[in-house]
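Work through the following exercises with the sequence and the model side by side, and try each task before reading its solution.

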Amino acid sequence: MIKLEKLEKGEFFEDAFLVSYRYNKDYLNKMRSLKYKRYVPNKKAWEIPSSELKHLVDLFGVDDINVNAKYLEGLVAVSYTHLTLPTT
């Protein structure tokens, strides 16, 4: 599980999150696949801009992220645009 912490102001990005986890090669590869990220060695964590949050959720899945749910609102909504409702 990854831990996601909202930063008031990041070292690299204005509106940012800090992503940390116990070492896991699969997690590392997923983090490396993000377009915008920076490793913060003294914190042993990654900093990502808020604009990458949706991609992070897509990569890890909402069940594998420990964060205040308010930051995920709107990111994990189910899309019903492909469904056709029956008419009565």
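**Exercise 1.** With which residue does Asp58 form a salt bridge, and how far apart are the closest N and O atoms?

*Solution.* Bear in mind that the model is a predicted one. As a starting point, side chains of opposite charge can pair when their charged atoms come close. Here the partner of Asp58 is Lys54, and the closest N and O atoms of the two are 3.0 Å apart, which is within the 4 Å that a salt bridge requires. Next, locate the two residues: both belong to helix α2, where they are four residues apart, about one turn of the helix. Finally, consider the surroundings of Lys54, which is partly exposed, with a relative accessible area of 38%.

**Exercise 2.** How many salt bridges does a search of the whole structure find?

*Solution.* The search finds three. Besides the bridge between Asp58 and Lys54, there is one that joins Asp15 to Lys6, with an N to O distance of 2.2 Å. In this bridge Asp15 is partly exposed at 42% relative accessibility, and Lys6 is partly exposed at 28%. There is also a bridge between Lys9 and Glu14, whose closest N and O atoms are 3.8 Å apart, and both of these residues are exposed.

**Exercise 3.** How many aromatic pairs are there, and what is the arrangement of the rings of Phe17 and Tyr71?

*Solution.* The count comes to four aromatic pairs. For Phe17 and Tyr71, the ring centres are 5.4 Å apart and the planes stand at 85°, so the pair is edge-to-face. Because Phe17 lies in strand β2 and Tyr71 in the segment after β5, the pair ties together parts that are 54 residues apart in sequence. Phe17 is buried, with a relative accessible area of 2%, whereas Tyr71 is partly exposed at 27%. The ring of Phe17 also has the charged end of Lys6 over it, 5.1 Å from its centre.

**Exercise 4.** Which parts of the chain does the pair of Tyr27 and Phe60 tie together?

*Solution.* Begin with the rings of Tyr27 and Phe60, which have their centres 5.2 Å apart and their planes at 75°, so this pair is edge-to-face. Tyr27 lies in helix α1 and Phe60 in helix α2, so the pair ties together parts that are 33 residues apart in sequence. Tyr27 counts as buried at 10% relative accessibility, and Phe60 is buried at 7%. To complete the picture, Tyr21 forms one aromatic cluster with Tyr27 and Phe60, while Lys30 lies over the face of Phe60, at 5.1 Å from the ring centre.

Methods. Residues are numbered from 1 along each chain as its sequence is written. This is a predicted model: local features need pLDDT of at least 70, side-chain atom pairs count only at pLDDT 80 or more; totals for chains, interfaces and linings use all residues. Side-chain values use heavy atoms; hydrogens and water are left out. Rings of Phe, Tyr and Trp (its six-membered ring) pair if their centres lie within 6.5 Å; planes under 30 degrees apart count as stacked, over 60 as edge-to-face and the rest as tilted. Buried means under 20% relative accessible area, exposed over 50%, partly exposed in between (1.4 Å probe, protein chains only). A charge sits over a ring if NZ of Lys or CZ of Arg is within 6 Å of the ring centre and within 35 degrees of the ring normal. A salt bridge is a side-chain nitrogen of Lys or Arg within 4 Å of a carboxyl oxygen of Asp or Glu.
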